[in-house]
Amino acid sequence: MKIIGTGSALPDKQVSNEDLTKLVDTSDEWIRERTGIGSRHISTGETAASLAAEACKRALENAGREAVQVELLLVATCSPEMALPCTACQVQELTGAENAVAFDLNAACAGFLFALNTAYAYLSAGIYRNALIAGTEVLSKIVDWTDRGTCILFGDGAGAVMVEQCGSGGVLGFVQHSDGRRGNVLACGSRPLENPYHGERDFMRYVQMDGREVFAFAVRQVPASIEEALEKAGLEVEDVDLFVLHQANRRIIEGIARRLKADISRFPMNLDRVGNMSSAAIPVLLDELNRQGRLIPGMTLALSGFGAGLTYGACILQW
Ligand code: COA
């Protein structure tokens with residue numbers, strides 16, 4: 001399976017660190033030093049579906065394919081506008097991908113990677129010949145804008161890729177892992193139980209996070225999963241041209257690079273401009289690299305996502 005086109009879409013409104021100092025007790029210096037983030041895009045009405053649809057249209061255009069040709073449409077999101085229908089069906093309607101089977105997948109910040117691997121399984125089995133895969137988030141609606149520990153981290157946006165079966169190259173190896181025992185480290189409620197029979201109970205309305213635990217988990221597990229995926233692909237760290245990682249935090253990425261003994265120049269980043277966009281992070285970065293002409297045919301990429309669940313994994317692919 002090969003990626004043949006990429007696309008992305010970000011809300012128009014940009015919110016700088018300086019802007020956030022008007023909401024919470026923080027500073028540009030603190031945010032930049034601890035996270036590497038300088039600004040992020042925040043929805044003023046764009047939804048997970050509208051952003052994903054725009055990203056998908058651009059990915060189709062980039063791939064030179066028509067929406068009606070799409071056979072599988074997967075959307076990874078943990079911040080859908082609607083519980084029903086799923087975001088993928090909304091995207092199907094907005095893009096005109098009328099022949100696709102469409103459904104959502106939620107694995108938080110590893111969502112896009114898990115969706116990519118899911119598409120790979122379907123395409124390898126010969127069930128579908130192509131797939132359009134989006135990662136899309138409007139995290140600004142599940143973040144507590146009075147909590148300086150979390151509201152500074154996240155941004156909204158969407159990225160998408162078009163993939164097709166191919167004879168050689170493409171996906172060379174992948175791994176995925178989940179550790180549900182540690183779900184409390186990064187969590188958010190969906191909707192409260194409001195039926196007439198329930199008793200009083202606490203409801204977690206906004207994202208709650210143990211930042212240090214998440215940090216330690218990422219720096220330990222991500223390099224291990226990249227090495228595991230490389231082993232499956234029969235490759236070494238030195239064979240990787242670019243590490244396209246989930247954009248959570250500059251210091252996390254630097255820690256991963258150190259553990260892999262790989263130069264930081266091989267770890268492209270855009271989190272300074274977009275923050276942590278959960279499942280949208282990897283496809284948005286891929287699209288930026290693609291449009292900048294930095295992805296050359298034959299290059300080896302290591303993609304890795306990690307986040308709430310806990311979920312994490314890696315995919316090695318030849319561009
Ligand atoms: N501005 C200023 N001060 C802040 C702040 C902010 N936005 N957020 C927290 N602080 C304060 C804390 O209140 C604390 O103050 P205290 O010492 O007086 O109690 C101090 O800074 C240190 O807080 P702590 O949470 O220990 O900081 P940290 O060094 O762990 O950095 C994170 C916090 C969130 C940046 C860091 O833990 C992190 O990046 N974790 C990973 C988070 C992540 O990427 N999550 C998503 C993964 S998909």
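Okay, a definition to kick off: I'll call a residue buried under 20% relative accessible area, exposed over 50%, and partly exposed in between. By that yardstick Asp241 is partly exposed, since its relative accessible area is 34%. And before I go on, please keep in mind that this is a predicted model.

So where does Asp241 sit? You'll find Asp241 in the loop that runs between helix H6 (211-233) and strand S11 (242-245). It has company, too: Glu236, Glu238, Asp239 and Asp241 gather on the surface as a patch of negative charge.

Now, on to charges that do find a partner. Side chains of opposite charge can pair when their charged atoms come close. How many salt bridges does a search of the whole structure find? The search gives 12. Let me walk you through some of them.

Take Asp28 and Arg32, whose side chains meet in a salt bridge at 3.0 Å, N to O. Both belong to helix H2 (residues 28-35), and because they are 4 residues apart, about one helical turn separates them. As for exposure, Asp28 comes out partly exposed at 25% relative accessibility, and Arg32 is partly exposed as well, at 43%.

Next up is Glu81, which forms a salt bridge with Lys141; the closest N and O atoms there are 3.4 Å apart. This one links loops: Glu81 lies between strand S4 (72-76) and helix H4 (87-95), while Lys141 lies between strand S6 (130-137) and strand S7 (157-164), so the pair ties together parts that are 60 residues apart in sequence. Glu81 is partly exposed with a relative accessible area of 43%, and Lys141 is partly exposed with 37%.

Then there's Arg181 with Asp179, a salt bridge at 3.1 Å, N to O. Which end of that pair is buried, and which is exposed? Arg181 is the exposed one, with a relative accessible area of 76%, whereas Asp179 is buried, at 15%.

Last topic, the cysteines. The structure holds 0 disulfides. Why doesn't Cys86 bond to Cys89? Well, the sulfur of Cys86 has its closest cysteine sulfur in Cys89, 3.7 Å away, and that is too far for a bond; the cut-off for a disulfide is two cysteine sulfur atoms within 2.5 Å. With Cys188, the closest cysteine sulfur belongs to Cys78, at 8.2 Å, so that's too far for a bond too. Cys188, by the way, counts as partly exposed, at 30% relative accessibility.

That's my tour, thanks everyone.

Key: Residues numbered from 1 in each chain as written. Predicted model: local features only at pLDDT ≥ 70, side-chain atom pairs only at ≥ 80, totals over all residues. Heavy atoms only, no water. Salt bridge = Lys/Arg side-chain N within 4 Å of Asp/Glu carboxyl O. Helix = DSSP H or I, 4+ residues; strand = E, 2+ residues; numbered from the N terminus. Buried < 20%, exposed > 50% of the residue type's maximum accessible area, 1.4 Å probe, protein only. Patch = residues over 30% accessible without salt bridge, like charges linked within 9 Å, V, L, I, M, F, W, Y side chains within 5 Å. Areas by Shrake-Rupley, 256 points an atom, 1.4 Å probe, with all protein chains shown as cover. Lys, Arg positive; Asp, Glu negative; His and termini not counted. Charge placed at Lys NZ, Arg CZ, Asp CG, Glu CD.
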